[in-house]
Amino acid sequence: MCPMKAAFLIAAPMSGSGKTTIARGLMALFVRQGLRVQPFKCGPDYIDTKFHHAVCRRPSINLDTFMATEEHVLELFSRYTRGGNDAPAWACEPADVAVVEGMMGLFDGYDRASGSCADIAHVLDLPIVLVVDARSAAYSMAAMLRGFISFRPDLRFTGVIFNKVGSTRHAAMLRDVADEVGIECLGCIPKQTALEHASRYLGLDFSESLAADTLTDVLSQNIDTNRLQELCVRSQSPSWPAPAHITDAARRILVARNAESFSFIYQETLDLLSETADVEFFDPEAFENDELRMTNDESDTLLYLPGGYPEKHLAELVKAEQTRHAIRAFAEAGGRIIAECGGMMYLCREIITDEGSSPMCGVLPYAISARSADRRLALGYRRFQLCGRELRGHEFHYTKFAEPAPTSIAQVCNAKGEPVSTPIIRQGNVLASYTHLAPESLRAILDILLKH
């Protein structure tokens with residue numbers, strides 16, 4: 001098995017510096033060169049990973065030191081880059097290059113630098129390529145770069161890519177800055193309107209006007225990718241054991257999947273479920289779903305409803321009445337269901353918008369308000385205790401429960417241990433919450449539903 005040629009982490013001093021654009025462009029450039037690229041994303045992000053998959057034709061894996069242990073992060077990186085029989089079928093071929101896209105600023109975590117992409121770089125011993133927005137500065141970049149390089153002696157900075165560079169003269173000044181502070185300049189990307197993305201929800205709007213070929217061409221002309229790979233050469237990742245299978249698992253897991261309304265699923269979660277049972281997918285917006293062959297005696301089936309934006313597809317979900325009735329009948333017959341955020345909203349009695357009320361599955365006797373007057377951002381890591389286990393995840397939504405809100409079966413806290421009002425709902429064999437569960441916590445939930 002050939003060793004991986006290179007691995008590195010793309011980071012930035014702050015959000016909006018262009019690290020997603022640069023990361024995606026580099027992935028596309030490596031693919032164009034005939035390399036197998038394994039993408040990763042720091043943090044609980046569902047949208048950037050879709051961009052990675054579209055470019056690399058290989059699913060992107062989330063790395064997070066709040067929702068997973070350092071040992072688990074190491075195991076994930078090893079498993080999805082080295083290939084082999086214990087890797088999922090799609091990752092059986094080893095990667096040539098691993099590109100890890102950071103989140104926010106390099107040192108921005110849930111508690112100072114804890115949980116930041118700097119932590120990921122440290123745990124995986126990855127060299128860091130810093131993407132810097134240089135549009136309004138020249139020599140002042142020296143102070144900023146020197147500060148980043150010296151702030152954490154345990155980190156390795158391989159090079160810097162200056163983004164939004166105004167002119168050839170500006171680029172020359174920036175290269176002098178890099179030389180002075182002792183970091184290699186790997187490229188200067190000129191400022192171009194075509195390379196700017198519009199912000200949308202958790203990620204970016206991947207519009208057709210920004211062709212991948214255009215981005216790849218710009219980067220190929222302005223970044224020395226051969227030098228980048230030379231600086232980031234990595235030997236094969238050490239072998240880590242694959243995670244243990246769940247015992248006494250359901251033999252069949254039905255997963256709701258749709259391009260937008262039910263799309264927030266970690267690739268690691270899909271792989272975990274596939275190792276556990278026969279996984280089938282269905283689209284809740286479809287008028288008929290042959291996959292929903294759920295009868296009262298099908299105790300070997302579990303239904304997983306991940307998050308997304310069902311409030312944006314209410315007409316389609318309402319029209320698919322047969323699907324909603326089948327899910328309610330399954331729940332009333334004792335069927336096991338895990339529902340996260342948008343999936344939980346779908347299980348409720350109704351979703352209320354400025355235009356009116358839309359009936360949902362009616363499994364949970366609550367109403368969700370998506371009215372503009374009630375829109376409030378709930379965002380952050382979450383953790384709670386259930387059946388003697390600490391479960392972790394992430395929350396991101398603008399909707400809320402209309403009164404009366406449900407009573408929670410557990411106190412949910414943020415990353416710092418401070419109580420938050422997010423309810424955890426347990427009704428029969430249904431467990432639902434606004435929290436998007438980390439894959440290892442979803443594994444624990446499966447065990448809880450099977451044994452309690």
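**Group meeting: a loop glycine, helix α9 and some salt bridges**

Okay, let's start with a glycine: G417 sits in the loop that runs between β20 (412–413) and β21 (419–420). Before I go on, keep in mind that this is a predicted model.

So, is G417 buried or exposed? Somewhere in between: G417 has a relative accessible area of 32%, so we call it partly exposed. There's also a pairing in space here. Take the C-alpha atoms of G417 and R383: they're 8.0 Å apart, while along the chain the two residues are separated by 34 residues.

Right, on to helix α9, residues 267–276. This one is mostly covered, with eight of the ten residues buried. Which ones are they? Going along α9, you have Q267, E268, T269, L270, D271, L272 and L273, and then T276.

And what do those buried residues of α9 pack against? On the strand side, there's β3 (61–63), β10 (252–256), β11 (278–282) and β12 (301–305). On the helix side, they pack against α3 (70–82) and α13 (439–451).

Let's stay on α9 for a second and look at E275. Its side chain meets that of R79 in a salt bridge, at 2.1 Å from N to O. E275 belongs to helix α9 and R79 to helix α3, so this pair ties together parts that are 196 residues apart in sequence. The two partners also sit in different accessibility classes: E275 is at 24% relative accessibility, so it counts as partly exposed, whereas R79, at 4%, counts as buried.

As a reminder, side chains of opposite charge can pair when their charged atoms come close. How many salt bridges does the model have? The count is 22.

Let me pull out a couple more. D374 and R371 meet through their side chains in a salt bridge, at 3.1 Å from N to O. D374 has a relative accessible area of 19%, and the cut-off for buried is under 20%, so D374 counts as buried. R371 comes out at 33%, so that one is partly exposed.

Then there's D133 with R135, a salt bridge at 3.0 Å, again N to O. R135 is at 48% relative accessibility, and exposed would need over 50%, so R135 stays in the partly exposed class.

Last one from me: K41, D48 and E101 are linked together in a salt-bridge network. That's my tour, happy to take comments.

Definitions and conventions:
Residues are numbered from 1 along each chain as its sequence is written. This is a predicted model: local features need pLDDT of at least 70, side-chain atom pairs count only at pLDDT 80 or more; totals for chains, interfaces and linings use all residues. Side-chain values use heavy atoms; hydrogens and water are left out. Helices (H or I, at least four residues) and strands (E, at least two) are DSSP runs, numbered from the N terminus. Buried means under 20% relative accessible area, exposed over 50%, partly exposed in between (1.4 Å probe, protein chains only). Contact means heavy atoms within 4.5 Å. A salt bridge is a side-chain nitrogen of Lys or Arg within 4 Å of a carboxyl oxygen of Asp or Glu.
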